[in-house]
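Q: Please take a close look at the ligand site and what surrounds it. Short sentences are fine. I would like one connected account.

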Amino acid sequence: MKGIIFTEFLEMVEITFSPAVADQIIEQNELDSNGVYTSVGNYNKQELLKLVTSLSGIVNIPIDVLVKEYGKYLLKRFLVYYPQFFEELTTTFDFLCTIDRHVHVEVEKLYTDVELPSFQTKRLSDTQMRMIYHSSNPLLYLLKG
Ligand code: HEM
């Protein structure tokens, strides 16, 4: 999994809780990376699950809630890093429809070693959309965020 997913996660933990909590979740786990991540590096996705599990224990918030909050946080950060993916779109539904056929396709061109989910989207009405998500990762709540 790309390092940006880890660096942003630890930054969110520092901002939302504290730098001490971020250190604690690293220290509680045996990590091949030793908790040192660069945004362009590639790391074992299990490390993210270990970090979030530790965080859940320390702050007493369920894992799903934390992962969903992280999804919200990450999207705001992607808006800063990749504004081009948000340009010329007026609605959230329009944006969500571009992930599978544009955004993640571009991400895959940039990095060959990513493991991205796939989405099928169908607009049902102005207020309803169906999105089918396939992934080998247990990150449904990231998607929900
Ligand atoms: C500008 C917008 C976006 C960018 C640049 C982006 C990029 C990425 C990157 C780099 C990863 C990590 C893949 C890896 O390391 O293996 C990822 C994973 C993921 N992305 Fe996106 N993404 C964007 C928007 C979205 C949106 C809007 C959704 C959901 C509606 C989404 C759903 C996911 C999920 C669920 C994963 C975790 C991997 C999995 O479940 O298999 N992404 N994305």
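A: Start with a definition: a polar contact here is a pair of N or O atoms within 3.5 Å. One caution comes with it: the model is predicted.

Now the iron. Which protein residue donates to the iron atom of the ligand? His-104 does, through NE2, at 2.1 Å. That distance counts as a donor distance because the cut-off for such a metal is 2.8 Å. His-104 is the only protein donor of this iron atom. Water is not among the atoms, so the site may look incomplete.

His-104 has a second link to the ligand. An N or O atom of its side chain is 3.0 Å from a ligand nitrogen. This pair is a polar contact because 3.0 Å is within 3.5 Å.

Two other side chains reach ligand oxygen atoms. For Tyr-133, an N or O atom of the side chain is 2.7 Å from an oxygen atom of the ligand. For Asn-137, a polar side-chain atom lies 2.8 Å from an oxygen atom of the ligand. Both pairs qualify by the 3.5 Å limit.

Next, the shell. There are 25 residues around the ligand. Which of them come nearest? They are Lys-2, His-104, Glu-115, Tyr-133 and Ser-135. By class, the shell has 20 nonpolar residues, three polar ones and two charged ones. Mind the sorting: Tyr counts as nonpolar in this scheme. So Tyr-133 is classed as nonpolar, although its side chain places an N or O atom 2.7 Å from a ligand oxygen. The ligand itself sits in the largest pocket.

Which elements build the shell? Helix 5, strand 2 (129–134) and helix 6 (140–144) each supply at least two residues. Helix 5 gives the most, with six residues. His-104, the iron donor, is in this helix, which covers residues 92–110.

Follow helix 5 to another of its residues. Asp-94 lies there too. Is Asp-94 buried or exposed? It falls in between: Asp-94 is partly exposed, with a relative accessible area of 25%. Asp-94 and Glu-11 are 83 residues apart in sequence, and their C-alpha atoms are 29 Å apart in space.

Glu-88 is in the loop between helix 4 (63–81) and helix 5. It is exposed, at 83% relative accessibility. Its phi is positive, about 65°, although Glu-88 is not a glycine. Most residues other than glycine have a negative phi. Asn-34 also has a positive phi, near 60°. Its place is the loop between helix 2 (19–27) and helix 3 (45–59). Asn-34 is exposed as well, with a relative accessible area of 60%.

For contrast, take two buried polar-contact sites within the protein. Glu-8, in helix 1 (residues 3–16), is buried at 2% relative accessibility. Its side chain makes a polar contact with the side chain of Tyr-81, at 2.5 Å. Ser-54, in helix 3, is buried at 8%. The side chain of Ser-54 contacts two others: Gln-28 at 3.1 Å and Asn-29 at 2.9 Å.

Back to the ligand for the short version. His-104 holds the iron link, and Tyr-133 and Asn-137 each place a side-chain atom close to a ligand oxygen, at 2.7 Å and 2.8 Å. Helix 5 is the main supplier of the shell.

Key:
Residues are numbered from 1 along each chain as its sequence is written. This is a predicted model: local features need pLDDT of at least 70, side-chain atom pairs count only at pLDDT 80 or more; totals for chains, interfaces and linings use all residues. Side-chain values use heavy atoms; hydrogens and water are left out. Donors are N, O and S atoms within 2.8 Å of the metal (3.2 Å for Na, K and Ca); water is not among the atoms, so sites may look incomplete. Helices (H or I, at least four residues) and strands (E, at least two) are DSSP runs, numbered from the N terminus. A residue is near a molecule or strand if one of its heavy atoms lies within 4 Å of it. A polar contact is a pair of N or O atoms within 3.5 Å; within protein, one must be able to donate a hydrogen and the other to accept it, and residues adjacent in sequence count only if both atoms are side-chain atoms. On a 1 Å grid over the protein atoms alone, a cavity is a set of points where a 1.4 Å probe fits but cannot get out, and a pocket is an open set with protein on both sides within 12 Å along at least five of seven lines; lining residues have an atom within 4 Å of a point. A molecule sits in a cavity or pocket if more than half of its atoms lie within 2 Å of its grid points. Buried means under 20% relative accessible area, exposed over 50%, partly exposed in between (1.4 Å probe, protein chains only).
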